[in-house]
Every structure is written in structure tokens, then in C-alpha cells.
There are 2 protein chains.
Amino acid sequence: MTAAIGVSMNCRLTDDERLDWLRLIRSQNVGPRTFRALIDHHGNVRDALAALPQLARRGGASAPGRICTRAEAEREMAAAQSAGIIFVALGEPDYPLRLAMIDDAPPVIAVRGELAALVRPTVAIVGARNASAAGIKFAERLARELGEAGLLVASGLARGIDAAAHRGSLTTGTVAAIAGGHNSIYPPEHGALADAIAENGVVLSEMPLNHEPRARDFPRRNRLISGLAAGVVVIEAAQRSGSLITARMALEQGREVFAVPGSPLDPRCEGSNNLLKQGAAPVTEASDVTTALRPIFEEPLQLREPDHPIAPSTPREPTDEERDRLVALLGPTPVGIDDLIRLSGLPPAIVRTMLLELDLAARLERHGGGQVSLTPI
Amino acid sequence: MTAAIGVSMNCRLTDDERLDWLRLIRSQNVGPRTFRALIDHHGNVRDALAALPQLARRGGASAPGRICTRAEAEREMAAAQSAGIIFVALGEPDYPLRLAMIDDAPPVIAVRGELAALVRPTVAIVGARNASAAGIKFAERLARELGEAGLLVASGLARGIDAAAHRGSLTTGTVAAIAGGHNSIYPPEHGALADAIAENGVVLSEMPLNHEPRARDFPRRNRLISGLAAGVVVIEAAQRSGSLITARMALEQGREVFAVPGSPLDPRCEGSNNLLKQGAAPVTEASDVTTALRPIFEEPLQLREPDHPIAPSTPREPTDEERDRLVALLGPTPVGIDDLIRLSGLPPAIVRTMLLELDLAARLERHGGGQVSLTPI
């Protein structure tokens, strides 16, 4: 987390700056982690935007990735505004602080509804789309009771448990993190539910307004659900289900994981019961959650210091020999950037510059915990 | 555990000795803990029998407790023999070793069936009498799989989960610990099930053959179910149910406690789910149990050394002043015998003699962990 990204500065961007942030994150080959690396490298968004083509070329891209134009960003902003959707950049006061603390926090979120709700202590409830009647009933009750206990309830607007969790907390406040853009609510029949959520809560997306969610967008979205919350309650999750992905992300983000016990004869409970075996806290009533989370909510949120103090002065350009040396060390298996620095014997700033180049040339993947791998061709 | 009781000697009693054991435990005011204290005090059963009247009188009994006569014990032995029931005394080779290790192991058990089964590694399965169809199905499956994995399955012959556990393991071997005598099977409709259990397994009772079980005999019996086993699996247990008593006894006996997760909307799962919250290991398949118990079964069973080395030579008789001093220290709240020794300033042997006297006068209750209290009048 860097001061350059502004999380610890807690100040509002100008409209112009916010437009630049939107352009950068909407540009090709720029994800949340690359965004962060670019800011670490260049110190501000405008310089990063200007450097994109050169960095990508150096990384070996035959054609540089498409950069979002100012006009495109302005059109998205205007369309959002007319739909009552607001863009909030990472580090602005309205950006949810807990979400800001995850590795791959979205640099810009598009939010609709009662923005102020996002400052409240939050708990997530997720579970099976094909939930049982009992599971749905329990999810709705738990969400209502957690809402009455003062918590904002986060979920993913999916069928089944997610929808029940939102319904149970409509009046007290709930936040739906969606996988597509605001104009592509999925599943389509949940449009009215999204409207109802926005009355006392928030619908939140990191995607362009008209983005239609693809399969891979859902696991990516799941990190937002857990990231918004101090803990995630899993109700009815089959093995290899999206809810277990949310639970895994919650663990990676240092969130509490709760699971609701269910019959071993119901395959919809296999994943949630396995979470119990792995140490998740069992939940049968709201107080199981509130008791566990109360001390966490009472702790002030600590923003992490940057892993490496930033030196936004651009270092010298890497040499071809240095580029070859680094690429030779990389492969499809994720390795730590620290290991790459050690094994290459190169200066850290040079290694990070080359990784950024590869990244923008779509040749690198960034994983959690400072790990990177070459993109399989 | 004392050498006098013979657990570590592992030798068979003569018929005469076994008759004396039966007489002593069938005598009024003599329970398993008093039995043990008497043997600690007198070194053997015959001397203890002879000393009973005097000890009770000294303890303040208006009339000494009724002593089981030799003729009565002979009649019970003969009746048992004709029904194919065998008496096994604590410390004999056929006595289940794990059961022998609990504080209040029955000095004599009456067993019917395949006695050899009792040496096998054992796991208990208990649960609700008014179990759901799913619970019964799961209990039967789990018992079958644990049986196939080589374990003897212990339970309590009750309706619901217990009966399902026995049925699932009839062919591989199961042991039913019952609350009444062998001639008073409860519930009565489980007579045929008891017969079937005895074909490859064992029905076990510590009560006289014709003893009709009273409500208070069931919790007492539950300690045998957990005592026989290295671990107890609880399936569907309501709050304040007998299965939770078995779980508590299992914990006191140092046994593993497992619980099968169930819906929070089913009151029959409230107790078992609460066990999960208290740290019981979740079970959804047999391997959850076998994996946890394997290392325990591989450890050789360690018999405890006696808390106080026995000095079976009878110490001097306590004085009236000493008796008053001890009684003044006692009340309805259990206190440790060690504390009584310390606070009274009396020699340990004298304190233990006086406690035995009070015990046989029905004025003392012995609890686990060397605790005693005065019987409320």
C-alpha cells in the first residue's frame, strides 16, 4: 500500500485525476496489481499512462495494449452519472477501508446506492445457488439478525443463498458485489433486487458499465465480497463451488471464515462441512458471528506499509542481457519477486521495471503474495 | 488403579473370589468408587466385606447397609450362567482394558455374547432417540463403515441413532452397554436386537440381572459407552440430551469427541452443533474418525499408577475429635481429598478411613477427580 495510491492520504481526487485513474485501469493488460506496480514505479497515474506504450514494447509486445482514451473514460463517467452511479478511487474517503487493504483492491469502484453504508462494519454471507429451502430460510434469518446487530451484509447477488442474504438485510443495509457492469446485472431476474439493495445499501462493480460477466469474472468478483467484510459465512457450499473460492480468498485476505453445519447426506453441504473440518468456526445463530467479529471491528484498521519504499524516480532502462537473465528465471510456476531479485543478482528497481514491462506486454501474471509467473502461450 | 484390584495383574479370579467381588459391589452403599476405596484400604475383597458393618457404624449409620449374602450372589451367578451370561471382574484378561482405565470402572460386568470382541479397538456412536430418517441412515452407514475398518462399535441400545449404529455393525461386531440388567432390556422391543448383537458382539451390564432401569441409571450407563471407546461420535443430539452427557463423560475420560454437523434449523442437531462450537471434530465420513483414532489405537494403553501407594495394613481407628474435624470441613460442595488432608492436618490414611466410613453410612458422595461431598439430607 503506497502513499502514491493515496490510501493513507484519504483525500478526494479532482474530476480530472479520477478520469486518469479510470483510463489507466480500463487500459489493456492493466489489472489491479499492475496498476499498483505502475504507480509504485511512476509515482502518479498521469505519468504511468504516458509510459504504457514504451513499457509494453520493451516487454516484448508486438503491438502495445490498447489504452483507454480520455473520451472513452468521459463517456463512461457521463453514463454512470446519469444512472446515479459514482466512481470512487482507492484511497478516497468513501472507498471501503477494509477492501482497500487487500493486495488486489480495485483502483476504481463503481457504486450505486447509499454510499455511506460502506463505512459500516461488514460481514459476508455466501452459499449455493441451488440452495435448499432450509438453507435459504436460514440465510435470510441470519442476514436479518446480523443486520439488526448493526452489520452491513455483503454478498454476490447470485441465486439461492446470496439473494436470501440480501433480502434478509434489505432494510438494515446490504452490499452486492457484482461480476459484470452495472448495466449487466446477472442473473437478469435480480434487477429488481439490485434496485431494492441500492435503497439502503450499495451495488458495487469494478467493471465497465456495460461489461457482460464471463465465467472467469465470478471468482475475481468473489475477492471483493470477502475483501469488503471482516468475516465470511458460508451456507451450503458444494465441493468446488464458488463459495469455497470466496472462503479461500477470505483466508488469504486474513478474514474470519465461518461455516454453517449441514447434513453429511446433502452434497450441498459437503464444501461447508469440509470448511468446518479445516477449522472454520461453526455458525448456527447470529451471535456466533457477532461474538467472533466484535473484537475485530473494535481494532482500528491498520494500513500496511509498502513492501518496498517507493522511489518514483524512474531508474535506468534495463539492458537486453538483464531482460534475458530475468526471463530465463521465469516460467509457468509462480515465483516470488524477492527470489527473482536474489537469484538474478539484479537491482530490485530494475527487476520491478522489467516485470512491469512483461506485465504490460501480457507476458506476465501477478499472483497474491508478491508471486509472478510467465503467461503460458 | 491399584495392584490390589488386579488390573495390572491381568489374572483370572477363582470362582470363590469372583463371588466375593459380586457380593461387595452388590452391597448397599457400595458403588465403583467406594469399592475401589475399600480395596485400597483393606487390600482384598474378603476383608473389605468383613469390615463393612463396622465401617458404616463408625460413619454414623443408624443401621448398617445391607450386605449381599453369599447365597444371593450364588443365585445371580447361577441365573446368569443358565442365560449364557458371564461375569468378568476388573483386571481379569477379558475385562475391556480401556474401560478399566476410567475412575469409576464397574468392578464386575455381566457380559453376553462374543466376549473376545471386547479386546478390539472401539468407537462409540450415540445420538437422539427421536432421530430423523437422515440421521438414522447416516448412523447406520457410519457404523457399517467403521465396522468394515476394523472397529468395534459401542452404543446404548436406545431407539433411534443407537439402534441404527448397532444394526449397521451387527456383522462386524458391536457392543451395547445397557442401563438395566440383562433380564430387563430397555426399550423392550429391542430384545431381538440385543440377541442379534450378542451373536458377533456383546451386551454388557453392570447391574443385577433383574434390575429394571430407572431414569438415573441411563447417565450412569453412558460412562460405560464412552469408557469402552477411544472416541465418541455424536449424531443428532438435542440440548440437554443423554448423548451430550456421554460426550461430557468422554471428555472427562480423555476420549476424543466427534460430532456430525446438522442443520441449524433442526433442534435435534442443536446439541451436536454446539459440540462442534466447543471443539469437537466434525464427522461426515468414516475416515474422519479412523484417521483421528488410528494414532490413539497404536499407542499402548497405559494403566495409571495409584494416586497414593496403598498401605493395606489397617491404620489405627480415627478418634471422635478427628471425625468431627473432618465432617466440619465437608459440605454439599465437592472438595478434593488432598485439600481435606491438608486443611485437617490429619494423616492421609486416617482421612481416607473416615471418608470410607461416611461413604458406607451413605453420608458421602464420591465424584470424579478425587472429589467428595456430604450427601444432602
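The following legends describe close-up views of a predicted model.

**View 1. Two helices of chain B, α13 and α14, cross each other.**
Helix α13(B) covers residues 320-329, and helix α14(B) covers residues 337-344. Their axes come within 10 Å and cross at roughly 125°, and the two helices are therefore oblique to each other. The crossing of α13(B) with α14(B) is right-handed. On the α13(B) side, the residues that meet the partner helix are B:Arg325, B:Leu326 and B:Leu329; on the α14(B) side they are B:Leu340, B:Leu343 and B:Ser344. Sorted by class, this contact has 4 nonpolar residues, 1 polar residue and 1 charged residue.

**View 2. A salt bridge joins A:Asp104 to A:Arg33.**
In the whole structure, a search over all chains finds 58 salt bridges. In the pair shown here, the N to O distance between the side chains is 3.6 Å. A:Asp104 belongs to the loop between α5 (97-100) and β2 (108-113) of chain A, whereas A:Arg33 belongs to helix α2 (residues 32-42), so the bridge ties together parts that are 71 residues apart in sequence. A:Asp104 has a relative accessible area of 16% and is buried, because the cut-off for burial is under 20%. A:Arg33, at 21%, counts as partly exposed.

**View 3. A salt bridge links helices α6 and α7 of chain A through A:Glu140 and A:Arg167.**
The closest N and O atoms of the two residues are 3.5 Å apart. A:Glu140 lies in helix α6 (residues 133-148) and A:Arg167 in helix α7 (residues 161-168), so the pair ties together parts that are 27 residues apart in sequence. A:Glu140 is partly exposed, at 26% relative accessibility. A:Arg167 is also partly exposed, with a relative accessible area of 38%.

**View 4. Helix α7 of chain A is mostly covered.**
Of the 8 residues in α7(A), 7 are buried. These are A:Ile161, A:Asp162, A:Ala163, A:Ala164, A:Ala165, A:His166 and A:Gly168. Several elements of chain A take part in covering these buried residues. The strands among them include β3 (122-127), β4 (152-155), β5 (174-177) and β7 (231-235). Helices α6 and α8 (191-200) also belong to the cover.

**View 5. A salt bridge forms within helix α10 of chain B, between B:Arg248 and B:Glu252.**
The side chains of B:Arg248 and B:Glu252 meet with an N to O distance of 3.2 Å. Both residues lie in helix α10(B) (residues 242-252), and they are 4 residues apart, about one turn of the helix. An α-helix has 3.6 residues a turn, so residues three or four places apart point the same way. B:Arg248 is partly exposed, with a relative accessible area of 45%, whereas B:Glu252 is exposed, at 61%. Elsewhere, in chain A, salt bridges that share partners join A:Arg33, A:Asp103, A:Asp104, A:Glu206, A:Arg220 and A:Arg223 into one network.

**View 6. B:Glu236 is a buried loop residue.**
B:Glu236 is placed in the loop between β7 (231-235) and α10 of chain B. Its relative accessibility is 7%, and B:Glu236 therefore counts as buried. Leaving aside neighbours within four places in sequence, B:Glu236 is in contact with residues including B:Gly127, B:Ala128, B:Ala131, B:Ser132 and B:Gly135. Further contacts of B:Glu236 include B:Asp266, B:Arg268, B:Cys269 and B:Ser272. From B:Glu236 to B:His42 the separation is 194 residues in sequence and 46 Å in space, C-alpha to C-alpha.

**View 7. Cis peptide bonds precede A:Pro187 and B:Pro187.**
In chain A, the peptide bond from A:Tyr186 to A:Pro187 is cis, with omega near -5°. A:Pro187 lies in the loop between β5 and α8 of chain A. In chain B, a cis peptide bond joins B:Tyr186 and B:Pro187, with omega about -5°. B:Pro187 lies in the loop between β5 (174-177) and α8 (191-200) of chain B.

**View 8. A:Leu157 and B:Leu157 have a positive phi.**
A:Leu157 is not a glycine, yet its phi is about 65°. This residue lies in the loop between β4 and α7 of chain A, and A:Leu157 is buried, with a relative accessible area of 0%. B:Leu157 has a phi of about 65° and is likewise not a glycine. It is found in the loop between β4 (152-155) and α7 (161-168) of chain B. At 0% relative accessibility, B:Leu157 counts as buried.

How values were computed:
Residues numbered from 1 in each chain as written. Chains lettered and ligands numbered in written order. Predicted model: local features only at pLDDT ≥ 70, side-chain atom pairs only at ≥ 80, totals over all residues. Heavy atoms only, no water. Axes fitted to C-alpha atoms, helices over the stretch in contact; angles between N-to-C directions. Parallel < 35°, antiparallel > 145°, perpendicular 65-115°, else oblique. Left-handed = near helix turned anticlockwise from the far one by under 90°. Contact = heavy atoms within 4.5 Å. Nonpolar A, V, L, I, M, F, W, Y, C, P; charged D, E, K, R; others polar. Salt bridge = Lys/Arg side-chain N within 4 Å of Asp/Glu carboxyl O. Buried < 20%, exposed > 50% of the residue type's maximum accessible area, 1.4 Å probe, protein only.
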